[in-house]
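User: I am new to this structure and should be grateful for a close look at one part of it. Please describe the second of its pockets by size, and then set that part within the rest of the chain.

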Amino acid sequence: MQLGKKKITKNLTEGNIYLNLLFYALPLIVSNMLASTYSTVDGIIAGRFIDEFALGAISATGSVESLLTGLFQGFAVGFSIYISHLFGKGDYSTIKRDTVNMMIFIGAISVGVSVLVLFFQNDLMCYLNVAPELFADAKKYFTIYTLGYAVFFINLFLVNSLYALGITFFSLYVTLISAFLNIGGNLVTVLVFGMGVEGLAIATVLSSLVSTVVYSVLLCRAFRELGGEKTSYRFSFSCVTHSFRYAVPAAIQNLSFHGVSFIISPAINALGAMVTTAYNICNRLYALCTMSLWGIASAFGCYTAQSAGEENIQKIRRGVRIGFWMTWVTVLPFVAVFSAFGGPIASTFFPKGYEGEALSHAVRYAHVYLPFVVSVQLIQHFYHTYLRSLGRVSVVLGITVAGSIVRVAITLLLTPVIGLDGVFLAQIFGWAIDSMVSFILYFFQYRTDSHLKRVLALQHISDC
C-alpha cells in the first residue's frame with residue numbers, strides 16, 4: 001500500500017464486532033436510502049409529469065427485469081461469499097485472478113441475455129398481459145433498459161466483490177453521484193426534451209454506467225492494496241468455475257425467489273392498468289421499508305463468511321446474536337413510519353387530487369399488509385444470509401424453491417377471487433413458511449459448536 005493512502009479493504013473479524021458491523025452497514029443503509037429515494041423520484045416524475053399510465057408502463061415488464069437482476073445478483077452474492085472465504089484465509093492472488101475472470105464472464109453473458117430478451121420482447125410482453133394502454137410506452141422503456149443489461153449486471157458484480165473485501169464506505173459517494181445523475185437526467189429528458197418514459201430509461205442506464213466505472217477503479221485500488229504474488233489476468237474458464245459451487249446455487253435460488261413475480265405478473269396485469277400501477281407503488285413502499293435490512297444483512301453475511309474462512313466458530317456464533325437484534329432495531333422504525341403514513345406517501349406518485357383505485361390499493365397495502373410482509377421477510381432473509389455465508393447455498397436453494405411454489409399456488413388461487421389482496425396474502429404465507437423452515441434448520445443443524453465444526457470441516461475438505 002502506498003504511503004499516505006488510507007487502507008480501504010477491511011477484515012470484519014478483527015476488532016470490535018459492533019463497530020465493524022455498524023461502520024460496514026451504515027454506508028450501505030444510507031446508499032440504499034438514496035437508491036430507493038431516486039427510484040421513488042423516478043416514479044413521481046413518471047406519474048406527475050408524463051401521465052397517470054406512465055408509472056404502470058415502466059413497471060409492466062418489471063418482473064422480467066426483476067427476474068434477470070435476481071439471477072445476476074444471486075450469482076454475484078454467491079461469488080462474494082467465495083471471495084470472503086478467500087479473504088479470511090489470506091489467499092489474495094486467487095481473489096484477484098478469479099474476480100477479473102468472473103467479471104469478463106458476466107459481461108459476455110449479459111450481452112447474450114440482452115440479445116435473447118430483445119429477440120423475444122413481444123412474446124414476453126404478450127405473456128405478461130401488458131394492458132393495451134400501456135403497451136407502446138412499456139415497449140420503449142423495456143427496449144432501452146434491456147440494452148443496458150451489461151452495465152447493470154457488471155455493476156452488481158463489482159459492488160458485491162467490493163463488499164466481500166469489506167469496502168462499503170465508497171458506495172455512499174457512488175450512490176450519491178448516481179442519484180444526482182439519475183434524477184437530473186430524468187428531469188432534463190422529461191421536462192426539457194419531452195422524451196417520456198424513454199427518457200427515464202436512458203437516464204437510468206447512463207447513471208449506472210458512471211457508477212460502474214467508479215467501482216472498477218475502486219476494485220483496481222483494492223487489488224493493489226492486497227498485494228500478494230504476481231497475478232495473471234488472462235481469461236481462463238477454469239478460474240471462473242472455481243466459484244460455481246457458491247455462485248450457481250445462489251443464482252438459482254435468487255432466480256426462484258424473483259421468478260415468482262414473473263409467473264404471477266400475467267395474473268396481476270390482467271386485473272387492469274390501475275392494479276399494475278398500484279402493485280408497483282406497493283413494491284416501492286416495501287423497498288423503502290427494507291432499506292436498512294440489506295445493509296445489516298450484507299454486513300452480517302460478510303462477517304460470517306470471513307469468520308468461516310478463518311474457521312473461527314466463536315466469532316460466527318457471536319455474529320448471529322448481534323446481527324439478529326441489529327436487524328430488528330434498524331428495520332422496525334421504517335415499518336412504523338411507512339405503515340402509519342402510507343396514504344400521504346402513496347399519494348405523491350399521482351397527480352394532485354387523484355383518489356382512484358390505484359391509490360386505494362396502495363394505502364390498504366401500507367396499513368394492512370406491509371408490517372406482516374416485512375416481518376416475515378426479515379426473518380427469512382437473516383437465516384438465508386447466515387446459511388449462504390457458511391457455504392450452505394444449496395440448502396437455501398431448496399428452502400426458497402419450496403416457499404416459492406407455495407406462494408405461486410396461493411397467488412393463482414386467490415387473485416381471481418379477491419384481486420390484489422390475494423397477491424399480498426400469498427406473499428405473507430409463502431415467506432412465513434420459508435422463515436419457519438429456515439429457523440428449524442438453523443436450530444437443529446447450524447447453531448451449536450458441534451454443528452459448526454462439522455460444517456467448517458466439510459467446507460475445508462471441499463475447498464482443498
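**The second largest pocket and its setting**

Analyst: The second largest pocket is lined by K7, T9, K10, N11, E14, F87, Y92, E225 and L226. The model is a predicted one, and the description that follows should be read with that in mind. The space inside the second largest pocket amounts to about 170 Å³. Sorted by class, its lining comprises 4 charged residues, 3 nonpolar residues and 2 polar residues. The charged members are K7, K10, E14 and E225, while F87, Y92 and L226 make up the nonpolar part. T9 and N11 supply the polar part.

The largest pocket offers a useful comparison. Its volume is about 390 Å³. Its lining consists of 18 residues, and those closest to its centre are I8, K10, F23, G166 and F169. K10 therefore belongs to both linings, since it is listed for the largest pocket and also for the second largest, where a lining residue is one with an atom within 4 Å of a point of the pocket. By class, the lining of the largest pocket holds 10 nonpolar, 5 polar and 3 charged residues. Two helices, α1 (17-50) and α8 (169-192), each contribute at least two residues to this lining. Of the elements involved, α1 gives the most, namely 6 residues.

Charged side chains also appear elsewhere in the chain. Side chains of opposite charge can pair when their charged atoms come close. Over the whole structure, 5 salt bridges are found, and three of them may be described in turn.

One of these joins the side chains of R97 and D98, with a distance of 2.8 Å from N to O. The two partners differ in their surroundings: D98 counts as buried because its relative accessibility is 0%, whereas R97, at 24%, counts as partly exposed.

Another salt bridge connects K140 with D137, at 3.9 Å from N to O. Both residues lie in helix α6 (residues 132-147), where they are 3 residues apart, about one turn of the helix. K140 has a relative accessibility of 39% and is therefore classed as partly exposed. D137 is likewise partly exposed, with a relative accessible area of 24%.

A further salt bridge is formed by the side chains of D421 and R364, at 3.0 Å from N to O. This pair links distant parts of the chain, with D421 in helix α18 (residues 420-445) and R364 in helix α16 (residues 357-389), 57 residues apart. D421 counts as buried because its relative accessibility is 14%, which falls under the 20% limit. R364 is partly exposed, with a relative accessible area of 30%.

It remains to place these parts within the chain as a whole. The chain contains 19 helices and 0 strands. Its radius of gyration is 22 Å, close to the 23 Å given by the globule rule for 464 residues, so the chain is as compact as a globular protein of that length. The C-alpha trace spans about 60 × 45 × 40 Å along its principal axes. Of the 464 residues, 57% count as buried. Among contacts between residues at least 6 apart in sequence, 85% join residues that are at least 24 apart.

Note on methods
Residues are numbered from 1 along each chain as its sequence is written. This is a predicted model: local features need pLDDT of at least 70, side-chain atom pairs count only at pLDDT 80 or more; totals for chains, interfaces and linings use all residues. Side-chain values use heavy atoms; hydrogens and water are left out. On a 1 Å grid over the protein atoms alone, a cavity is a set of points where a 1.4 Å probe fits but cannot get out, and a pocket is an open set with protein on both sides within 12 Å along at least five of seven lines; lining residues have an atom within 4 Å of a point. Grid points are joined across faces, edges and corners, and a volume is the space filled by probe spheres set on the points. Helices (H or I, at least four residues) and strands (E, at least two) are DSSP runs, numbered from the N terminus. A salt bridge is a side-chain nitrogen of Lys or Arg within 4 Å of a carboxyl oxygen of Asp or Glu. Buried means under 20% relative accessible area, exposed over 50%, partly exposed in between (1.4 Å probe, protein chains only). The radius of gyration is taken over C-alpha atoms; the globule rule is 2.2 Å times the number of residues to the power 0.38. Contact means heavy atoms within 4.5 Å.
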